[in-house]
Amino acid sequence: MKNYRVAILGCRGRGTAAARAYHAHPRTNIVGLCDLIEERLNTVGDELGVSGRFTDLDEMIRSTAPDIVAIPTGTEFHYDLCMRVLEHGVHIEVEKPMCVDLEQADAVIKKSQDKGVRVAVHHQGRVGAAMQAIGRAFNEGKIGELRYIYGSGKGYYGGYGLMNIGTHMINDILKFGGPCRSVVAQTTTEGHPITPQDVVSSPSGMGTIACEHITATLQFNHNVTGTLLQHRFDRMDSSAYAMELYGSEGRLFWKSGGAWWLPQPHFIPDGTHDEWEALAPIYPEHYDAKKGASEADYWFVEEYVRALDEGREHECSGLEARHVIEIMMGIFESAAYGTCVNLPQERRDHPLLRWRTEAGLAAPEAMPRAYGEWLSTVR
Ligand SMILES: NC(=O)c1ccc[n+]([C@@H]2O[C@H](COP(=O)([O-])OP(=O)(O)OC[C@H]3O[C@@H](n4cnc5c(N)ncnc54)[C@H](O)[C@@H]3O)[C@@H](O)[C@H]2O)c1
């Protein structure tokens, strides 16, 4: 079987995590690393013994002829870098969120299709060991017929939480719900329905956002509905980042690193209807935690290898990520205009920028990039 040649563009936190996973996997070889800052390049290069080190991405791709280029950079660079890398006709994976609006996502998908290559987006939770366990239990019919899906965030300011964490959660929800037909959002900022003045620039380069608190209802086929919460809490809590599937015969509960099954449809904490059974996580047989890769990043690589071997999309494909952006933009549109938004929407411009323009306002001003500083400015 072919070993895939991989180049990493961006060698900081997420780039290091991606590099460890591709380095650990027996079917992928890292042939090049690129960063604008040589110290970062050398740190990862020395750790993994990669000699192909570059500060120019085009030169890296020309010199190393990779099959896959990973793009783990700040979100504001995803669009330009995806387009530039795809021009070389290589498969890519890009960190989440894929892009900050639908015009960008459409252009990336079109470019990949024109070039005949694949796009994967690093929504690794969807293929991680706990989700594999949930998927197996679901496919075995352990909860009967799916009725409802609940997903929550970590407590960031709602609109930012949507772009940052909601992108993962929606992608997870789509695994079970399938395509989303429409969204309706109830949102507030400082206790009132949002106004065009509440539209702001996101921290971490995630485009334009609004809404301190978001409750969104998602409608899927076969009468399946979902609720997505992105509520701001005073204290962030990763344990709030969880998904629950409600079926006619039982429930499944996922959180990063854990999976549980309730063998009846209704949960009552009465000692009889609350016996959640832990499900064993499922790992690729060759996964070795001692090699330094997180299991979810490793699974993401394993899934890319399988997808390319089989000539199909990655489970966390660009197409799926674009649908995630359709849902996120649909939530913003519903919040602004107070309507139910049918998907996929025909208008691909950012709905919050459109709303501001219609109100006679310019695009929002730049804000601090760091979340803490941003939060003290947005108040
Ligand atoms: N999937 C996850 O679990 C997860 C978790 C956290 C963050 N993220 C996402 O990861 C991304 C941020 O990753 P990070 O924190 O490692 O970013 P970072 O900004 O810390 O590092 C990016 C690196 O890329 C380099 N770089 C940027 N542009 C470049 C260019 N043109 N050529 C060469 N190098 C370039 C920078 O010098 C930097 O070293 C965001 O999109 C964020 O949403 C994902």
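This is a short chat about a strand and a helix pair in a predicted model.

Trainee: Where should I start, and is strand β5 buried or exposed on its faces?
Mentor: Strand β5, residues 91-94 of this predicted model, is covered on both faces. His91 and Glu93 lie on one side, Ile92 and Val94 lie on the other, and all of them are buried.

Trainee: Why do those residues fall on two sides like that?
Mentor: In a regular strand the side chains alternate between the two faces of the sheet.

Trainee: OK, and which strands pair with β5?
Mentor: Strand β4, residues 68-71, pairs with β5 in the parallel sense over four bridges, and strand β6, residues 119-121, pairs with β5, also in the parallel sense, over three bridges.

Trainee: What stands opposite Ile92 in those two strands?
Mentor: In β4 it is Val69 that stands opposite Ile92, while in β6 the residue opposite Ile92 is Val119.

Trainee: How does the chain get from β5 to β6?
Mentor: The chain crosses through helix α5, residues 102-115, in a right-handed β-α-β crossover. Before that, β4, helix α4 (residues 78-86) and β5 also make a right-handed β-α-β unit.

Trainee: Switching to helices, at what angle do α7 and α9 pack?
Mentor: Helix α7 (residues 158-177) and helix α9 (residues 318-337) pack at about 130 degrees, with their axes 9 Å apart, and the two helices are therefore oblique to each other. Their crossing is right-handed.

Trainee: Which residues make that contact?
Mentor: On the α7 side they include Leu162, Met163 and Ile170, and on the α9 side they include His323, Ile327 and Phe332.

Terms used: Residues numbered from 1 in each chain as written. Predicted model: local features only at pLDDT ≥ 70, side-chain atom pairs only at ≥ 80, totals over all residues. Heavy atoms only, no water. Buried < 20%, exposed > 50% of the residue type's maximum accessible area, 1.4 Å probe, protein only. Pairing = 2+ DSSP bridges. Right-handed = clockwise from strand over helix to strand, strands pointing away. Axes fitted to C-alpha atoms, helices over the stretch in contact; angles between N-to-C directions. Parallel < 35°, antiparallel > 145°, perpendicular 65-115°, else oblique. Left-handed = near helix turned anticlockwise from the far one by under 90°. Contact = heavy atoms within 4.5 Å.
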